[in-house]
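Student: I would like a close look at one part of this chain. Please start at one helix and work outward from there.

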Amino acid sequence: MDEMNSPKGRRDFVMQTTALGGAMALMHAGAAFAQSPISTHTRGGTAMSRSELKAFFERYIDALNAHDMDRMTEFVHERLTQHGKTITRDDVIASLKGHIDAVPDFKWRVVDLAIDGDTVAARLYNIGTPAKQWLGLQPTGVTVEYGEFAFHKVRDGKFYEQNYAIDVLEVQRQLAGKK
């Protein structure tokens with residue numbers, strides 16, 4: 001069966017297309033952010049300035065990179081929406097711990113950051129060497145580096161919505177040793 005016509009092929013294409021669209025939106029948001037005055041938002045909660053949201057996101061990434069997933073209580077509401085589904089903070093923590101268990105040297109690096117109202121949008125590069133099965137893929141000893149786009153919303157100083165897309169095809173290509 002042609003890979004593009006398979007459900008997995010279509011999903012991966014959508015992920016890549018979504019990532020490209022996310023990149024375009026992030027670039028547009030970043031340009032708008034650079035031209036707009038500093039402001040605060042008040043969508044349903046305590047207002048945070050752009051500089052406060054930037055510092056908040058940087059602390060979040062620092063906690064992720066320290067692999068201190070129990071600190072997620074500082075950053076994530078007890079109940080939140082992730083990719084359109086209601087989940088708990090414990091679900092987020094378990095998922096993150098699963099990533100770190102499979103990729104013990106995993107790191108997130110923020111390349112671009114844009115803030116609009118209560119939304120923090122980031123383009124990141126992630127790097128790590130899978131030691132166990134991860135994302136349905138077997139480890140090969142290869143260190144992978146790939147792009148991620150994250151769009152998270154903040155209310156009362158914590159994420160209440162998280163959406164992200166990663167380049168799974170790039171991870172597969174790198175683990176297979178393809179150039």
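Tutor: Start just past the end of α2. The residue H67 follows α2 and has a positive phi, near 60°. Keep in mind that this is a predicted model.

Now step back into the helix itself. α2 has 16 residues. From its first C-alpha to its last, α2 reaches 22 Å, close to the 22 Å expected at 1.5 Å a residue. Which residues of α2 are buried? They are R50, L53, F56, F57, Y60, I61, A63, L64 and N65.

What does α2 pack on? Helix α2, residues 50-65, packs on the sheet. There α2 touches β3, β4, β5 and β6. The direction of α2 makes about 165° with that of β3.

Pick out L64, one of the buried residues of α2. Leaving aside residues up to four places away in sequence, L64 touches M69, M72, L96 and W108. Some of these names come back in the core. The largest nonpolar core has 37 residues. Those that touch the most other members are Y60, L64, M72, F75, W108, W134 and F159. Elements giving two or more residues to this core are α2, β1, α3, β3, β4, β5, β6 and α4. Which element gives the most? That is α2, with seven residues. In soluble globular proteins, nonpolar side chains tend to be buried together.

Next, the sheet under the helix. It is an open sheet of six strands, in the order β2-β1-β6-β5-β4-β3, with mixed pairing. β2 (85-88) and β3 (107-116) are the edge strands, and each has a single partner strand, so one side of each has no neighbour in the sheet. From one strand to the next, the twist averages 25°.

Walk across the sheet from the β3 edge. β3 and β4 are antiparallel, paired over nine bridges. In this pair, V110 has L124 of β4 as its bridge partner. A hairpin joins β3 and β4, with two residues between them. In its turn sits G117, with a positive phi of about 60°.

Move on to β5. β4 and β5 run antiparallel and are joined by 10 bridges. V120 stands opposite H152 in β5. H152 also stands opposite Q162 in β6. That residue therefore links our walk to the next pair, since H152 has a place opposite V120 and a place opposite Q162. β5 and β6 pair over eight bridges, again in the antiparallel sense. They too form a hairpin with two residues between them. D156 in that turn has a positive phi of about 55°.

Then the pairing changes sense. β1 (residues 76-82) and β6 (residues 158-166) pair in the parallel sense, over three bridges. Here V76 stands opposite F159 in β6. F159 is also among the core residues that touch the most other members.

Other helices meet these elements too. Take α3 first. α3 has 14 residues and reaches 20 Å from first C-alpha to last, close to the 20 Å expected at 1.5 Å a residue. Its buried residues are R89, V92, I93, L96, I100 and A102. Which elements do they pack against? The buried residues of α3 pack against α2, β1, β2, β3 and β6. L96 is one of the residues that L64 touches.

Now α4. Helix α4, residues 168-175, lies across β5 and β6. It runs at about 155° to β5. Look at Q174, whose place is in α4. Is Q174 buried or exposed? Q174 counts as buried because its relative accessibility is 13%, and the cut-off for buried is under 20%. Leaving out residues up to four places away in sequence, Q174 touches V142, T143, V144 and E145.

Last, the whole chain. It holds four helices and six strands. From the N terminus on, they run α-α-β-β-α-β-β-β-β-α. Of the 179 residues, 39% are buried. Among contacts with a separation of 6 or more, 56% join residues 24 or more positions apart. The chain exposes about 9700 Å², and carbon and sulfur atoms supply 55% of that.

Technical notes:
Residues numbered from 1 in each chain as written. Predicted model: local features only at pLDDT ≥ 70, side-chain atom pairs only at ≥ 80, totals over all residues. Heavy atoms only, no water. Pairing = 2+ DSSP bridges. Axes fitted to C-alpha atoms, helices over the stretch in contact; angles between N-to-C directions. Contact = heavy atoms within 4.5 Å. Buried < 20%, exposed > 50% of the residue type's maximum accessible area, 1.4 Å probe, protein only. Areas by Shrake-Rupley, 256 points an atom, 1.4 Å probe, with all protein chains shown as cover. Core = buried A, V, L, I, M, F, W, Y, C linked by side-chain atoms within 4.5 Å. Expected span 1.5 Å × (residues − 1).
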